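Here is a short report on one protein chain. Please keep the structure at hand while reading.

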Amino acid sequence: VVRQSVEVIARRAEGLHRFVEAYRRLARLPAPAPRRVSLTDLLSEAGQLFETRWAPLGVRLELVQPKPDILIRIDPDLTAQALLGLLTNAAEAAMTAAETPRVRLSAQAAGEGAAIVLEDNGAGVPEDQAAEVFRPFFTTKPQGAGIGLSLARQAIVSQGGQLLLEPSDEGARFLIAF
């Protein structure tokens, strides 16, 4: 009985530690430092990091670069961090639901700004959870902390952009608009 109690306490302590670490990361987002950035370069870098981690696991990335390149004033570090979080979520979703997991990352001009779209062929976000996915600490993953999408949205919104979950016929579709 004592051993079981200690094991329960240890599990709760680990859960509390993950919660505190997640909250600390969420609360310490740096202020944006915008500069002119090439979306082609930003997406290429994100694609390379994605390929390094996910290609060996069988996740295919389709990278669609803007033609012509788009130069936009954003914080490349905050935007890259948001992209990498979204790409990780997309890869994980595609791996759990698709025989041939695929992620698509694209960008195009949108008025005076730009739109970056991330799509996957995973199970998608259930309608009853769509309104919750950006809420801090909401998660559908057994080991998830529930901060990834909240942090990504905060990083984009802090620069005057938007991060939206859009309807999709297959998987999930996220739009970053600047």
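The report covers the fold, the strand pairing, one pocket, the aromatic pairs and a few single residues.

**Basis**

This is a predicted model, in which local features need pLDDT of at least 70, side-chain atom pairs count only at pLDDT 80 or more, and totals for chains, interfaces and linings use all residues. Residues are numbered from 1 along each chain as its sequence is written, and side-chain values use heavy atoms, with hydrogens and water left out.

**Fold**

The protein chain has 4 helices and 7 strands. Helices (H or I, at least four residues) and strands (E, at least two) are DSSP runs, numbered from the N terminus. Along the sequence the order is α-β-α-β-β-α-β-β-α-β-β. Of the 178 residues, 37% count as buried. Buried means under 20% relative accessible area, exposed means over 50%, and partly exposed lies in between (1.4 Å probe, protein chains only).

**Strand pairing**

Two strands pair if DSSP finds at least two bridges between them. The table lists three such pairs.

| Strands | Sense | Bridges | Partner residues |
|---|---|---|---|
| β2 and β4 | parallel | 5 bridges | Arg-60 and Arg-102 |
| β4 and β5 | antiparallel | 8 bridges | Ala-109 and Ala-114 |
| β1 and β3 | antiparallel | 4 bridges | Ser-38 and Leu-71 |

β4 and β5 form a hairpin with 2 residues between the strands. There, Gly-111 takes a positive phi near 60 degrees. Strand β1 spans residues 35-38. Its partner β3 has two faces: Ile-72 and Ile-74 are on the covered one, Leu-71 and Arg-73 on the uncovered one. The loop between β2 and β3 (71-74) holds Pro-68. A cis peptide bond joins Lys-67 to Pro-68, with omega at about -5 degrees.

**The second largest pocket**

Rolling a probe the size of a water molecule over the atoms shows where empty space is left. The search uses a 1 Å grid over the protein atoms alone. A pocket is an open set of points with protein on both sides within 12 Å along at least five of seven lines, whereas a cavity is a set where a 1.4 Å probe fits but cannot get out. Lining residues have an atom within 4 Å of a point. Grid points are joined across faces, edges and corners, and a volume is the space filled by probe spheres set on the points.

The second largest pocket has a volume of about 150 Å³. Its lining consists of Arg-60, Glu-62, Arg-102, Val-103, Arg-104, Glu-119, Asp-120, Asn-121, Ser-168, Asp-169 and Glu-170. The elements that give two or more residues to this lining are β2 (60-64), β4 (102-110) and β5 (113-120). β4 gives the most, with 3 residues.

By class, the lining has 8 charged, 2 polar and 1 nonpolar residues. Here Asp, Glu, Lys and Arg count as charged; Ala, Val, Leu, Ile, Met, Phe, Trp, Tyr, Cys and Pro count as nonpolar; the others, Gly among them, count as polar.

One lining residue, Asp-120, also has a contact to examine. The C-alpha atoms of Asp-120 and Ala-90 are 5.4 Å apart, with their positions 30 residues apart in sequence. Ala-90 is found in helix α3. Ala-90 is buried, at a relative accessible area of 5%.

**Aromatic pairs**

Rings of Phe, Tyr and Trp (its six-membered ring) pair if their centres lie within 6.5 Å; planes under 30 degrees apart count as stacked, over 60 as edge-to-face and the rest as tilted. The count comes to 2 aromatic pairs.

Phe-50 and Trp-54 have ring centres 6.4 Å apart and planes at 35 degrees, so this pair is tilted. Both lie in helix α2 (residues 39-54), 4 residues apart, about one turn of the helix. Both Phe-50 and Trp-54 are buried.

Phe-134 and Phe-174 have ring centres 6.1 Å apart and planes at 90 degrees, so this pair is edge-to-face. The pair links distant parts of the chain, 40 residues apart: Phe-134 is in the loop between β5 and α4 (148-157), and Phe-174 is in strand β7 (residues 173-177). Phe-134 and Phe-174 are both buried.

Phe-134 also has a charge over its face: Arg-153, at 3.8 Å from the ring centre. A charge sits over a ring if NZ of Lys or CZ of Arg is within 6 Å of the ring centre and within 35 degrees of the ring normal.

**An exposed loop residue**

Glu-99 lies in the loop between α3 (76-97) and β4. Glu-99 is exposed, with a relative accessible area of 82%. Its C-alpha atom is 9.7 Å from that of Gly-58, 41 residues away along the chain.
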